[in-house]
Amino acid sequence: MHQANRLWASILLLVTLLGATLPTSAAPQSPTVITLGGPRIMRATPAAADFNGDGFKELIVPTDDGRLFVIGWNGSAWVVLWSRSVVLDINAANPPNPTPDTRITSAVAVADLDLDGKLEIVLPTGGLPQDGKNGGMLVYGYNAPWSFSIKGNWPQPKLDEVGGGSGFGSPDGKWDGIFSTAAVGDIDGDGDLEIVWEGEDRRIHAYHHDGSVVNGWPLYRWPPHLDPLTRGGISSPAIGDLDGDGVHDVIVGGTTAVHPFAD
């Protein structure tokens with residue numbers, strides 16, 4: 001949507017009309033546009049989940065200027081139930097050089113990480129190194145009615161490895177952003193879900209839901225070894241038991257021109 005030479009953040013919903021009998025693949029009947037205002041939604045991907053257990057899903061929408069919206073249907077219209085400028089939660093963790101905003105360029109993940117019956121939102125922030133924003137992974141827990149708050153020791157990992165110098169490969173005084181989307185799964189067999197992502201800081205990270213590091217992680221190696229872990233990553237990982245041994249594997253692409261890395 002373009003208005004007065006400004007691109008606004010908006011959501012386009014393709015709504016299927018409900019009826020007694022519908023074909024398996026019903027065509028959308030009418031579009032609905034939810035205008036949020038502010039900068040556009042770029043690479044960030046919305047998600048849908050039922051937070052309050054009423055059988056209806058809410059929309060979780062990140063925007064390019066670092067805002068997070070939860071939008072719900074009130075019976076007659078889509079309304080904003082909660083919103084947050086997430087840089088407030090990054091700055092609350094005392095980065096060395098606070099920034100007035102951040103970027104969200106990834107998809108959000110929604111899951112009951114600690115198996116307490118409530119869903120959490122897993123949100124990568126910061127964008128690319130050249131964006132010059134403080135970033136990190138944030139985890140928001142749902143608090144009824146319609147509020148969310150940081151759950152555990154987030155953001156993580158609070159590292160500054162890239163963003164400055166030639167090629168943005170040197171520290172720049174800001175916590176490194178995350179461009180990729182996080183994956184969630186039980187990688188250590190403890191029954192709850194861990195959060196895994198590939199960072200631009202040359203590491204593959206794995207954290208527990210409370211913000212503590214999973215034993216043995218992160219995975220990284222440094223030059224002169226020529227492998228995918230010597231460069232920053234923008235690939236989103238996947239988690240699954242590839243070989244049927246009962247242990248979940250992590251699969252992620254690398255930016256070095258050699259074979260993808262898997263463990």
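Are D65 and R67 buried or exposed? Keep that in mind for a minute; I will come back to the pair after the sheet beside it on my list. One caution before anything else: this is a predicted model.

Let me start with the sheet. Four strands make up an open sheet, and their order is β5-β6-β7-β8, with antiparallel pairing. At the edges are β5, residues 47-49, and β8, residues 78-85, and each of these pairs on one side only. On average, neighbouring strands in this sheet are turned by 25 degrees against each other, ignoring direction. If you want one pairing to look at on the screen, take β7, residues 67-73, against β8: the two are antiparallel and share 7 bridges. Within that stretch, G72 stands opposite V79 of β8.

Now the charged pairs. The model contains 9 salt bridges. One of them is the pair I opened with: D65 and R67, whose closest N and O atoms are 3.0 Å apart. To answer the opening question, D65 is buried, and R67 is buried too.

Another salt bridge is formed by the side chains of R103 and D131, at 3.0 Å from N to O. This one ties together distant parts of the chain, 28 residues apart: R103 sits in the loop between α1 (87-91) and β9 (109-111), and D131 in the loop between β10 (120-125) and β11 (136-143). How do the two partners rate for accessibility? R103 has a relative accessible area of 14%, so it is classed as buried. D131 has 21%, so it is classed as partly exposed. The line between those two classes is drawn at 20%.

A third one to look at is R203 with E161, at 3.6 Å, N to O. Again the pair links distant parts of the chain, here 42 residues apart: R203 is in the loop between β16 (194-198) and β17 (204-207), while E161 is in the loop between β12 (147-150) and β13 (163-164). R203 is buried, with a relative accessible area of 10%, and E161 is partly exposed at 21%. There is also a network: D114, D116, E120 and K151 are joined by salt bridges that share partners.

On to the nonpolar side. Which residues have the most contacts inside the largest nonpolar core? That core has 19 residues, and the ones in question are I60, L68, I121, Y140 and F148. Strands β5, β7, β10 and β11 each supply at least two residues to this core, and β11 gives the most, with 3. For a closer look, take F148. Setting aside neighbours within four places in sequence, F148 is in contact with F51, V70, W82, I121, Y140, G141, Y142 and N143. A second core, separate from that one, has 12 residues, among them I178, I195, W197 and Y207.

Next, strand β10. Why call β10 largely enclosed by the rest of the structure? Because 6 of its 6 residues are buried. As general background, side chains in a regular strand alternate between the two faces of the sheet. In β10, E120, V122 and P124 point one way, I121, L123 and T125 point the other way, and all are buried. E120, from that first group, is also a member of the salt-bridge network with D114, D116 and K151. I121, from the second group, is among the residues with the most contacts in the largest core.

As for the partners of β10, 3 bridges join it to β9, antiparallel, with A109 standing opposite V122. Towards β11 there are 6 bridges, also running antiparallel. There, L123 has L138 as its bridge partner.

I will finish with Y207, one of the residues of the second core. Y207 lies in strand β17. Its relative accessibility is 7%, so Y207 counts as buried. What does Y207 touch, not counting residues up to four places away in sequence? The list is W154, Q156, P157, E194, I195, W197, S212, V213 and V214. Two of those names, I195 and W197, also belong to the second core. Finally, Y207 and V196 are 11 residues apart in sequence, and their C-alpha atoms are 6.6 Å apart in space.

That is what I have for today.

Key: Residues are numbered from 1 along each chain as its sequence is written. This is a predicted model: local features need pLDDT of at least 70, side-chain atom pairs count only at pLDDT 80 or more; totals for chains, interfaces and linings use all residues. Side-chain values use heavy atoms; hydrogens and water are left out. Two strands pair if DSSP finds at least two bridges between them. Axes are lines fitted to C-alpha atoms, for helices over the stretch in contact, and angles run from 0 to 180 degrees between N-to-C directions. A salt bridge is a side-chain nitrogen of Lys or Arg within 4 Å of a carboxyl oxygen of Asp or Glu. Buried means under 20% relative accessible area, exposed over 50%, partly exposed in between (1.4 Å probe, protein chains only). A nonpolar core is a set of buried Ala, Val, Leu, Ile, Met, Phe, Trp, Tyr and Cys residues joined through side-chain atoms within 4.5 Å. Contact means heavy atoms within 4.5 Å.
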